[in-house]
Amino acid sequence: QVQLVESGGGLVQAGGSLRLACLASGRIFRPYVMGWFRQAPGKEREFVAAISSVGSSLYADSVKGRFTISRDSGKNTVYLHMNSLKPTDTGVYYCAAGFDYTGTPGKYEHWGQGAQVTVYS
């Protein structure tokens with residue numbers, strides 16, 4: 001079993017920055033594709049970004065140019081650097097691990113508990 005723990009959420013003014021981190025632990029036998037998703041109140045969970053085991057990355061159109069996903073395989077940690085934050089970025093951000101390089105939530109096998117990000121204007 002793989003455990004994912006997010007950290008780094010918080011309250012930030014629009015235009016500001018935050019960095020989320022996700023630490024993976026447990027029975028990690030293969031490099032996973034790591035993804036970030038978010039869910040705003042009353043809305044479905046949506047894809048934010050993903051990074052493959054070799055460092056290729058995917059982004060949702062809504063965050064391109066503002067967010068950057070990265071990973072430190074030696075530390076089993078994936079990061080989401082968020083710049084130029086907007087109130088519409090508010091939500092619970094979830095880290096996920098899977099084997100398909102995709103933005104489809106159902107393809108990810110392991111999920112963290114989520115970290116709240118609130119952006120105020």
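In the predicted model, the largest nonpolar core holds 32 residues, of which Met34, Trp36, Leu80, Met82 and Tyr93 touch the most other members. Two or more residues of this core are supplied by each of the elements β1 (2-7), β3 (18-26), β4 (33-39), β5 (46-51), β7 (67-72), β8 (77-82), β9 (91-98) and β11 (115-120). The largest share, five residues, is given by β5.

Strand β8 is largely enclosed by the rest of the structure, because five of its six residues are buried. Two pairings of this strand were examined. With β3, β8 pairs in the antiparallel sense over six bridges; within this pairing, Val78 of β8 is the bridge partner of Cys22. With β7, β8 also runs antiparallel, and six bridges join the two strands. Here Met82 in β8 stands opposite Phe67, and Met82 is among the core residues that touch the most other members. The strands β7 and β8 form a hairpin with four residues between them. In the turn of this hairpin, Asn76 has a positive phi of about 50°.

The search for disulfides covered the whole structure and returned one. This disulfide is formed by Cys22 and Cys95, with their sulfur atoms 2.0 Å apart. Cys22 lies in strand β3 and Cys95 in strand β9, so the bond ties together parts that are 73 residues apart in sequence. The torsion about the S-S bond is about -80°, and the disulfide is therefore left-handed. Cys22 has a relative accessibility of 0% and so counts as buried. Cys95 is likewise buried, its relative accessible area being 0%. Cys22 thus takes part both in the disulfide with Cys95 and in a bridge to Val78 of β8.

A further buried position was found in a loop. Ser52 is located in the loop between β5 and β6 (57-59). The relative accessible area of Ser52 is 8%, which is under the 20% limit, and the residue is therefore classed as buried. When neighbours within four places in sequence are left aside, Ser52 is in contact with Val33, Arg71 and Tyr101. Of these contacts, Val33 belongs to β4 (33-39) and Arg71 to β7 (67-72).

Conventions: Residues are numbered from 1 along each chain as its sequence is written. This is a predicted model: local features need pLDDT of at least 70, side-chain atom pairs count only at pLDDT 80 or more; totals for chains, interfaces and linings use all residues. Side-chain values use heavy atoms; hydrogens and water are left out. A nonpolar core is a set of buried Ala, Val, Leu, Ile, Met, Phe, Trp, Tyr and Cys residues joined through side-chain atoms within 4.5 Å. Buried means under 20% relative accessible area, exposed over 50%, partly exposed in between (1.4 Å probe, protein chains only). Two strands pair if DSSP finds at least two bridges between them. A disulfide is a pair of cysteine sulfur atoms within 2.5 Å. Contact means heavy atoms within 4.5 Å.
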